[in-house]
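Colleague: I should like to learn how to read a model of this kind, feature by feature. Could you take me through the general idea each time, and then the case at hand?

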Amino acid sequence: MQTQYSILEPLDTSLDCSPSREPPPAPAPLPGAPVNNDAPPRVHVPESITCRTCGAIGAPVVGPGAGQHVARALCRACGAFVTWLSRYSPEEKHERRRLAGWQAMCGKEATPAQLAYLHALGYRGDPPANRAAASALIDQLQQQRRL
Ligand SMILES: [Zn+2]
């Protein structure tokens, strides 16, 4: 069964892809704090790690980074390397990935599959401005179908 949406409110196809959606800049150093370009970069340290060498579980010792890695986590008990550390928490990493994906979709035209699916969902309006707008429109139409 096809559902027509012509009687509904016009859908918002103008999604905000402006630069304001970019991740916020790194926080500025506190006023009065010494400016030191050699200061160690921000690093997210997990509360607890498990050492594969000795099996100890606990807070890591933060060691120096290398190349692209900002720091390393070392076992507090035996000193063995456990894992590389990121400057971002898992939540921040997820958010950054989501934002990057969104921005990539903003720069591309809607796919033929998206347009076909929109048509199948009963959408007969102007083609969405980009891939992200098409995705949001599909979500919106699917939600309306479920109502
Ligand atoms: Zn260990």
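**Reading helices, sheet and loops**

Modeller: Let us begin with helix length: at 1.5 Å a residue, the 16 residues of helix 3 should span 22 Å, and since the end C-alpha atoms of helix 3 are 23 Å apart, the two values agree. Please keep in mind throughout that this is a predicted model. Helix 1, residues 90-106, can be read in the same manner, for its 17 residues reach 24 Å from the first C-alpha to the last, close to the 24 Å expected.

Colleague: Before we go further, how many helices and strands does the protein have, and in what order do the elements run from the N terminus?

Modeller: The protein has three helices and five strands, and from the N terminus on the elements run β-β-β-β-β-α-α-α.

Colleague: How do I read the sheet, and which strands make it up?

Modeller: The general idea is that strands of a sheet pair through backbone hydrogen bonds, either parallel or antiparallel. Here an open sheet of three strands has the order 3-4-5, with antiparallel pairing. Strand 3 and strand 5 stand at the edges, each with a single partner strand, so one side of each lacks a neighbour in the sheet. On average, and with direction ignored, neighbouring strands of this sheet are turned by 30° against each other.

Colleague: How many bridges join strand 3 to strand 4, and which residue of strand 4 is the bridge partner of Val-61?

Modeller: Strand 3 (residues 61-66) and strand 4 (residues 69-74) are antiparallel and joined by five bridges, and the partner of Val-61 in strand 4 is Leu-74. Leu-74 also stands opposite Phe-81 in strand 5. The pairing of strand 4 with strand 5 (residues 81-85) is antiparallel over four bridges, and there Ala-73 stands opposite Thr-83.

Colleague: And the hairpins: which residues take a positive phi in them?

Modeller: In the hairpin of strand 3 and strand 4, with two residues between the strands, Gly-67 takes a positive phi near 60°. The hairpin of strand 4 and strand 5 has six residues between the strands, and in this one Gly-79 takes a positive phi near 80°.

Colleague: Turning to burial, how many residues of helix 1 are buried, and which residues of helix 3 are?

Modeller: Burial is read by counting neighbours, a residue being called buried if 20 or more other C-beta atoms lie within 10 Å of its own. By that count helix 1 is hardly covered, with zero buried residues among its 17, whereas the buried residues of helix 3 are Ala-132, Ala-133, Ala-134, Leu-137 and Leu-141. What covers these residues of helix 3 includes helix 1 and helix 2 (112-120). For the protein as a whole, buried residues make up 12% of the 147 residues.

Colleague: At what angle do helix 1 and helix 3 pack, and which residues make the contact?

Modeller: Helix 1 and helix 3 (residues 131-146) pack at an angle of about 110°, with their axes 6 Å apart. Angles of 65 to 115 degrees count as roughly perpendicular, and helix 1 and helix 3 are therefore roughly perpendicular to each other. The contact is made by Trp-102, Met-105 and Cys-106 of helix 1, together with Arg-131, Ala-132 and Ser-135 of helix 3. Sorted by class, this contact has four nonpolar, one polar and one charged residues.

Colleague: What of residues outside the helices and strands: is Pro-128 buried or exposed, and where is its place?

Modeller: Pro-128 lies in the loop between helix 2 and helix 3, and it is buried because 23 other C-beta atoms are within 10 Å. Pro-128 and Leu-118, ten residues apart in sequence, are 9.7 Å apart in space, C-alpha to C-alpha.

Colleague: Where is Val-43 found, and with which residues is Val-43 in contact beyond its neighbours in sequence?

Modeller: Val-43 is found in the segment before strand 1 (49-50), and with 16 other C-beta atoms within 10 Å it is partly exposed. Leaving aside neighbours within four places in sequence, Val-43 is in contact with Val-62, Val-70, Ala-71, Leu-85 and Arg-87. Val-43 and Tyr-88 are 45 residues apart in sequence and 6.7 Å apart in space, C-alpha to C-alpha.

Key
Residues numbered from 1 in each chain as written. Predicted model: local features only at pLDDT ≥ 70, side-chain atom pairs only at ≥ 80, totals over all residues. Expected span 1.5 Å × (residues − 1). Pairing = 2+ DSSP bridges. Axes fitted to C-alpha atoms, helices over the stretch in contact; angles between N-to-C directions. Parallel < 35°, antiparallel > 145°, perpendicular 65-115°, else oblique. Contact = placed C-beta atoms within 7 Å. Nonpolar A, V, L, I, M, F, W, Y, C, P; charged D, E, K, R; others polar.
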